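Ready for some practice in reading a protein fold? Keep the model open beside you and take the exercises one step at a time.

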Amino acid sequence: MTKHTMRLSLLAVLSISSLIVGVAYAQNQDDAEKLLEQANQHLISGEYKVAIKIYDDILEITPNNISTLQMKGIAQSNLDEHTGSLKQFFKVLQYKSDDIISLVGLGVGFGNLGEYRESITYFEKALAEEPDSVVINNYWDFANAVITKYPYTPTEKPKDPRYSWAAPIPEWIRPVAGWWSAGDISDAEFKSAMEFLLDNKIIQIPPTEMQSQPEKQIPQWVRDNAGMWADRQVADDMFLVAIHHLVEQRVLSILVEPTKSQEDLDYEFYLFERYLRDISNNISKEKRYIEYPNPSRDVIKKFLRDYVKWNLEAATTASTTFPSPTYVLEDGVYIVNYKVFINDQPTNLPLDHVSTLGNSFSFWTGQDLTVNDLPARIEFVVTNQKHEANVWVTWVVRDLCSDELQKKAERAGIEPCKPDQILGHAHLGKGIVEVTLGDYNCDGSFQLYDVKSVESIMTHELGHSIGLQHSDNPTNIMYPTIDQSYAYCLLS
Ligand SMILES: [Zn+2]
């Protein structure tokens with residue numbers, strides 16, 4: 001995904017930002033790039049308003065600069081300026097219809113307004129590009145869960161008069177669309193029927209920004225739209241929106257590819273703004289209950305409020321006060337028995353880390369270990385009695401030290417983090433295991449790690465708690481740093 005390019009550009013930010021303090025006006029492309037780096041630095045420090053001022057300066061010089069629009073969209077989203085944020089991402093898509101950050105950004109933005117169905121169409125467009133992305137799949141899961149939990153009336157989109165059709169669309173198309181939606185006829189059969197309609201101008205769609213590469217998968221919302229139109233649940237133009245998407249994605253090939261003029265772009269943007277205004281009106285009229293797609297902020301708010309609950313360190317003085325694990329020698333093998341107390345997960349955390357803890361247990365149970373030169377096996381038993389537990393697992397929030405972060409700091413001339421502040425920490429042999437749930441390094445706001453990262457952190461910490469030291473081997477789970485990835489951050 002765009003993961004790596006984005007990371008690299010953020011690295012570049014840190015490397016030269018110190019040289020360009022105090023640039024007031026940008027005259028050319030070079031200045032624009034320097035300003036962008038400066039603004040991004042503010043963004044990852046969480047100074048969104050300062051960053052936005054600079055993004056606006058850049059957009060004065062290069063109004064369609066894609067990275068600037070993306071970053072401004074992210075900054076506005078983090079400030080809860082959802083409609084503003086949506087406009088930036090929409091502009092990017094006008095020029096680059098397969099831009100992943102903007103597709104996900106639109107999905108998140110519509111989710112933040114409670115327009116979950118619209119949100120899903122964007123997540124599905126993004127998934128068609130990056131089916132394995134953890135971030136996009138997390139958002140897609142969210143949108144599908146919330147839409148069944150809180151039914152709502154979707155805001156109708158303003159009609160785009162540039163969709164036109166010989167009224168009515170020939171009746172024979174309806175069953176074709178229905179069969180295709182249900183999977184009863186092949187994509188190829190459906191395509192040739194649609195291409196016939198387009199080439200003969202029986203249906204017409206607005207000018208289109210064609211994507212350079214054909215899409216690999218047809219998103220579900222396109223099939224659903226076709227199916228709903230076949231059943232007369234939605235109007236003709238909703239069907240054409242789906243066809244339009246297939247043309248844009250080069251799933252359908254048409255004889256004459258219409259190109260967009262500046263007027264077309266302006267008109268599209270005008271329609272989009274009207275749509276956003278209608279949504280805002282509906283939100284206040286309906287008193288719509290909205291659940292935000294990215295739970296990170298809720299988690300950190302509640303976490304900080306109940307800080308004492310997770311900060312088990314305060315409750316005890318030292319690991320020496322913990323009972324030592326028991327062991328037996330069976331046929332020349334030490335069986336070491338650990339009793340583990342697991343603190344509750346912070347509330348509103350949709351990722352289930354308590355069950356992945358089971359994977360960390362199995363990992364260590366499956367390792368060949370030695371104690372006093374004899375083979376040893378570790379067994380874990382979960383207990384809800386703190387006093388008898390050898391290990392307490394709890395959840396914390398702090399900046400992890402990764403190789404990447406160290407390099408960034410070095411380039412910026414800041415003192416690098418130390419690898420042992422790293423993954424939270426565990427007292428050797430027994431005591432408290434602190435598992436880090438997220439940090440502020442992705443986009444300046446607190447962002448949760450994905451389940452896999454937290455599992456690696458847990459396994460590492462549990463390794464310490466059974467007495468293992470760090471390893472020099474970067475592929476070993478006991479290596480002192482980890483390159484974490486995020487569950488919801490758009491820049492990951
Ligand atoms: Zn460690």
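## Exercise 1: two helices that cross

α5 passes α13 in a right-handed crossing. Keep in mind that you are looking at a predicted model.

**Task.** Work out how the directions of α5 and α13 relate, and which residues meet.

**Solution.**
- Step 1: Find helix α5 at residues 82–95 and helix α13 at residues 262–286. Their axes come within 11 Å and cross at roughly 155°.
- Step 2: Angles over 145 degrees count as roughly antiparallel, so α5 is roughly antiparallel to α13.
- Step 3: Now look at the contact itself. From α5 come Thr83, Leu86, Phe90 and Gln94, and they meet Leu265, Glu268, Phe272, Leu276 and Ser280 of α13.
- Step 4: Sort these residues by type: 5 are nonpolar, 3 polar and 1 charged.

## Exercise 2: the buried side of a helix

**Task.** List the buried residues of α11 and explain how they are arranged around the axis.

**Solution.**
- Step 1: Helix α11 covers residues 220–230, and its buried residues are Val222, Asn225, Ala226, Trp229 and Ala230.
- Step 2: These residues lie on the same side of α11, because they cover an arc of only 135° around the axis.
- Step 3: A general rule helps here: an α-helix has 3.6 residues a turn, so residues three or four places apart point the same way.
- Step 4: Check what they pack against: the partners are α9 (173–182) and α12 (236–248).
- Step 5: Finally, step just past α11, where Arg232 takes a positive phi of about 60°.

## Exercise 3: the whole chain

**Task.** How many helices and strands are in the chain, and what share of the residues is buried?

**Solution.**
- Step 1: Count 18 helices and 10 strands.
- Step 2: Of the 492 residues, 40% are buried.

Notes. Residues numbered from 1 in each chain as written. Predicted model: local features only at pLDDT ≥ 70, side-chain atom pairs only at ≥ 80, totals over all residues. Helix = DSSP H or I, 4+ residues; strand = E, 2+ residues; numbered from the N terminus. Buried ≥ 20, exposed ≤ 12 C-beta atoms within 10 Å, placed from the backbone. Axes fitted to C-alpha atoms, helices over the stretch in contact; angles between N-to-C directions. Parallel < 35°, antiparallel > 145°, perpendicular 65-115°, else oblique. Left-handed = near helix turned anticlockwise from the far one by under 90°. Contact = placed C-beta atoms within 7 Å. Nonpolar A, V, L, I, M, F, W, Y, C, P; charged D, E, K, R; others polar. Arc of directions from axis to C-beta.
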